[in-house]
Amino acid sequence: MKSINPKTNLLEHSEAKIALYGRYLSVYFNILHRAGFVKRIFVFDLFCGEGLYENNVKGSPIIALESISRHYFSNNNSIPDMTVWFNDNGISEIEDGVYKVDRVEKVGKNIFKPSNVKVEYHKENYEDIYPKAIDLVSQTRDAKGLFFIDPFGYKAIKPDDIRRMLENGKTEVFLWLPIAHMYRFADSALRSDFPGSEPLKLFLNELFGKSIPSFQSAYDFIEQLKGRFRASLKDLRIFVDTFTIERDASNIYCLFFFTGNIRGYEKVLEAKWSVDPSHGKGHTIEKTLSLFDETELSGYHDKLWSFLESTEYRTNTELHLFGLENGFLPKHTNAVLKKNKSKFEVVGLDNKPVRGYYIEYNSERRVAFRLAK
Ligand SMILES: C[S@@+](CC[C@H](N)C(=O)[O-])C[C@H]1O[C@@H](n2cnc3c(N)ncnc32)[C@H](O)[C@@H]1O
């Protein structure tokens, strides 16, 4: 069988990546458009690739442009002002002597673009362009921005870059990492030097400092990275979650999603749980992952319960946030509460009758959950 070149054809796992991005963009545009106060949206796709692949599959820039035009037409021909950057420093693997980003521009020209949407094409190194993108969104009043970081590897990426992108409180980041590859070399890179080990070592040292744990599996590696990202971004009030795509044991990609926007975060969790209703972990191509059969909710049950028990009472807002911070939706928190309903009482803090748990975004109700004595 002829093997397919992953550089000239977008493979199934990459398609799943891009599909998730497309879904999120439409939610993102909707939320920001309805919010009213956002005067400009920035989208920075800094490793944008070829645009269109040999197998005719659309890459991230095309998906973004289509998402923009769809939003415009389904919202009475309107969309907030927008600036979109497509960047890639590579030469095409499909067309001789042409930059990838020039191919993106050629295809992009044929997609309808509202007049208040500005699209720029760049051929810079990621390292040089991302600080400029941060400055631009930081200096623009009432702006919001989304960084889409989809490198083949991880060599160019430092955890501190992600922090810098998020510091202005206006941005969200989608970061894809090739987990199987990183996990395979993680232990050896930390314990001894070998050619090429330096970037991975720097990446892990930056996240874990001196106390680098050992990793039991690629999935444990993801959980530990996520935990460190969460801890290191807590002061910025950033939610972090992951979404995993596994093609086979040596091809595991993980999306790390960073946002301070609770509504957007909840939407990503919804998308994730809808793709994988029993675990909310991600998309397993060929369903090879029977390893993770026990439902993750059982772990959440204990976690939520300790959170409730650790103080006199918890409010509905606290429980809603606690679920999200741990990657669970209001329906999961509700399910755990229902299962244990004889063990606590719900008290209104706003002098209104209590008829539920009110675990939801922006609930107008204030209730407290108190353990039964
Ligand atoms: C996984 S591909 C991106 C795929 C793209 N998101 C899509 O949907 O088609 C990674 C891209 O990053 C580019 N690249 C790698 N290192 C880079 C760097 N340091 N600066 C800018 N672009 C880089 C490569 O040329 C390659 O096209």
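**Figure 1. The whole protein has 12 helices and 11 strands.** Welcome to the overview of this predicted model. The protein has 373 residues, and 37% of them count as buried. Among contacts with a separation of 6 or more, 68% are between residues 24 or more positions apart. The close-ups that follow visit a few places along the chain.

**Figure 2. Helix H11 and helix H12 pack at an angle of about 115°.** Here we look at H11, residues 316-325, beside H12, residues 330-339. The axes of the two helices lie 9 Å apart, and H11 passes H12 in a right-handed crossing. From H11, the residues that make the contact are Leu319, His320 and Gly323. From H12, Pro330, His332 and Thr333 take part. Sorted by class, this contact has 2 nonpolar residues, 4 polar ones and no charged ones.

**Figure 3. The buried residues of H11 are Asn316, Leu319, His320 and Gly323.** These residues lie on the same side of H11, because they cover an arc of only 100° around the axis. What covers the buried residues of H11? The cover includes strand E9 (313-315), H12 and strand E11 (367-371). Follow the chain to a spot just after H11, and you reach Gly327, with a positive phi of about 85°.

**Figure 4. There are 17 residues around the ligand.** The ones that come nearest to the ligand are Phe47, Gly49, Gly59, Ser60 and Gly90. Taken together, the residues of this shell divide into 7 nonpolar, 6 polar and 4 charged.

**Figure 5. Gly36 sits in the loop between helix H1 and strand E1.** H1 spans residues 12-35 and E1 spans residues 40-45. Is Gly36 buried or exposed? Gly36 counts as exposed, because it has 9 C-beta neighbours inside 10 Å. Now find Pro80 as well: Gly36 and Pro80 are 44 residues apart in sequence, while their C-alpha atoms are 8.8 Å apart in space.

**Figure 6. Lys158 belongs to the loop between strand E4 and helix H5.** The loop follows E4 (143-149) and leads to H5 (159-166). Lys158 counts as partly exposed, because there are 16 C-beta neighbours inside 10 Å. Which residues is Lys158 in contact with, leaving aside its neighbours within four places in sequence? They are Phe203 and Glu206. Leu202 is also worth finding in this view: Lys158 and Leu202 are 44 residues apart in sequence, and 7.9 Å apart from C-alpha to C-alpha.

**Figure 7. Arg237 has a positive phi near 55°, in a residue other than glycine.** To find Arg237, look in the loop between helix H8 (218-233) and strand E6 (239-248). Arg237 is exposed, because it has 10 other C-beta atoms within 10 Å.

**Figure 8. Asn351 also has a positive phi, near 55°, and is a residue other than glycine.** This residue is found in the loop between strand E10 (344-348) and E11. Why does Asn351 count as exposed? Asn351 has 6 C-beta neighbours inside 10 Å, and a residue is exposed if that number is 12 or fewer.

Terms used: Residues are numbered from 1 along each chain as its sequence is written. This is a predicted model: local features need pLDDT of at least 70, side-chain atom pairs count only at pLDDT 80 or more; totals for chains, interfaces and linings use all residues. Axes are lines fitted to C-alpha atoms, for helices over the stretch in contact, and angles run from 0 to 180 degrees between N-to-C directions. Helices (H or I, at least four residues) and strands (E, at least two) are DSSP runs, numbered from the N terminus. A crossing is left-handed if the near helix is turned anticlockwise from the far one by less than a right angle, and right-handed if clockwise. Two residues are in contact if their C-beta atoms, placed from the backbone, lie within 7 Å. Ala, Val, Leu, Ile, Met, Phe, Trp, Tyr, Cys and Pro count as nonpolar, Asp, Glu, Lys and Arg as charged, and the others, Gly among them, as polar. A residue is near a molecule or strand if its C-beta atom, placed from the backbone, lies within 6 Å of it. A residue is buried if 20 or more other C-beta atoms lie within 10 Å of its own, exposed if 12 or fewer, and partly exposed in between; C-beta atoms are placed from the backbone. The arc is that of the directions from the helix axis to the C-beta atoms.
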